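Reader: Please take one part of this model and look at it closely. I would like to know what it pairs with, what it is bonded to and what surrounds it.

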Amino acid sequence: QVQLVESGGGLVQPGGSLRLSCATSRSITSILAMGWYRQAPGKQRELVALITTGGSTNYADSVKGRFTISRDSAKNTVYLQMNSLKPEDTAIYYCRLSSTRGIYWGQGTQVTVSS
């Protein structure tokens, strides 16, 4: 019943920027946190950034200073602004929503950083 719709993935050059968006298909309540995870081929899915209901944020060390997570509560949308992209950022990026009803994942969007 809860669906996450992601957009913004694509191909960018090293040093470039990209903004990912993740919106819920309908308004929901009792959201605890929203975050972004990524998974490169042959690797475990890892946390990139998250934002809590109180506005607190956490980032993986590898993206600190380059990525910014934000949320539009009215639209139930979370964003990931990615700057100074590096080839090692190449992965499938997944949106994750945590609520009192459970955990929900987006379908994933491919981000490729290459010259």
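Author: A disulfide is counted here when two cysteine sulfur atoms lie within 2.5 Å of each other. Under that rule, a search of the whole structure, which is a predicted model, returns one disulfide. Its two members are Cys22 and Cys95, with an S to S distance of 2.1 Å. Cys22 belongs to strand S3 and Cys95 to strand S9, so the bond links parts of the chain that are 73 residues apart. The angle about the S-S bond is -85 degrees, which makes the link of Cys22 and Cys95 left-handed. In general terms, such a link is a covalent bond between the sulfur atoms of two cysteines. Neither end is open to the surroundings: Cys22 has a relative accessible area of 0% and is buried, and Cys95 is likewise buried at 0%.

The part to examine is the strand that carries Cys95, namely S9. Strand S9 covers residues 91-99, and seven of these nine residues are buried.

Next come the pairing partners. Strand S4, residues 31-39, runs antiparallel to S9, and eight bridges connect the two. Within this pairing, Gly35 faces Arg96 of S9. Strand S11, residues 109-113, is also antiparallel to S9, with three bridges between them. Here Ile92 has Gln110 of S11 as its bridge partner. Strand S10, residues 102-105, is joined to S9 by four bridges, again in the antiparallel sense. Leu97 is bridged to Tyr104 of S10. A hairpin with two residues between the strands takes the chain from S9 to S10. As a general matter, strands of a sheet pair through backbone hydrogen bonds, in either a parallel or an antiparallel sense.

Which residues does the charged group of Arg45 sit over? One is Tyr94: Arg45 lies over its face, 3.7 Å from the ring centre. Another is Trp105, where the charged end of Arg45 is 4.6 Å from the centre of the ring.

Trp105 also takes part in an aromatic pair. The cut-off for such a pair is ring centres within 6.5 Å, and the count by this rule is one. The rings are those of Tyr37 and Trp105, with centres 5.1 Å apart and planes at 65 degrees; because planes over 60 degrees apart count as edge-to-face, the pair is classed that way. Tyr37 is in strand S4 and Trp105 in strand S10, so this contact ties together parts 68 residues apart in sequence. S4 and S10 are both partners of S9, as described above. The two rings differ in exposure: Tyr37 is buried at 17% relative accessibility, whereas Trp105 is partly exposed at 37%.

Behind these contacts is the nonpolar core. The largest one has 25 residues, of which Trp36, Leu80, Met82 and Tyr93 touch the most other members. At least two residues come from each of the strands S3 (18-24), S4, S5 (46-52), S7 (67-72), S8 (77-82), S9 and S11. Which strand gives the most to this core? S9 does, with four residues. As a general tendency in soluble globular proteins, nonpolar side chains are buried together.

The other end of the disulfide, Cys22, leads into another group of strands through S3. S3 belongs to an open sheet of four strands in the order S1-S3-S8-S7, paired antiparallel. Strand S1 (4-7) and S7 have a single partner each and stand at the edges, so one side of each lacks a neighbour in the sheet. Between neighbouring strands of this sheet, the average turn is 15 degrees, direction ignored. One of the pairings, S7 with S8, is antiparallel and has six bridges; there Asp72 stands opposite Thr77 of S8.

To sum up, S9 is mostly covered and pairs with S4, S11 and S10. It gives the most residues to the largest nonpolar core, and through Cys95 it is bonded to Cys22 in strand S3.

Conventions. Residues are numbered from 1 along each chain as its sequence is written. This is a predicted model: local features need pLDDT of at least 70, side-chain atom pairs count only at pLDDT 80 or more; totals for chains, interfaces and linings use all residues. Side-chain values use heavy atoms; hydrogens and water are left out. Buried means under 20% relative accessible area, exposed over 50%, partly exposed in between (1.4 Å probe, protein chains only). Two strands pair if DSSP finds at least two bridges between them. Rings of Phe, Tyr and Trp (its six-membered ring) pair if their centres lie within 6.5 Å; planes under 30 degrees apart count as stacked, over 60 as edge-to-face and the rest as tilted. A charge sits over a ring if NZ of Lys or CZ of Arg is within 6 Å of the ring centre and within 35 degrees of the ring normal. A nonpolar core is a set of buried Ala, Val, Leu, Ile, Met, Phe, Trp, Tyr and Cys residues joined through side-chain atoms within 4.5 Å. Axes are lines fitted to C-alpha atoms, for helices over the stretch in contact, and angles run from 0 to 180 degrees between N-to-C directions.
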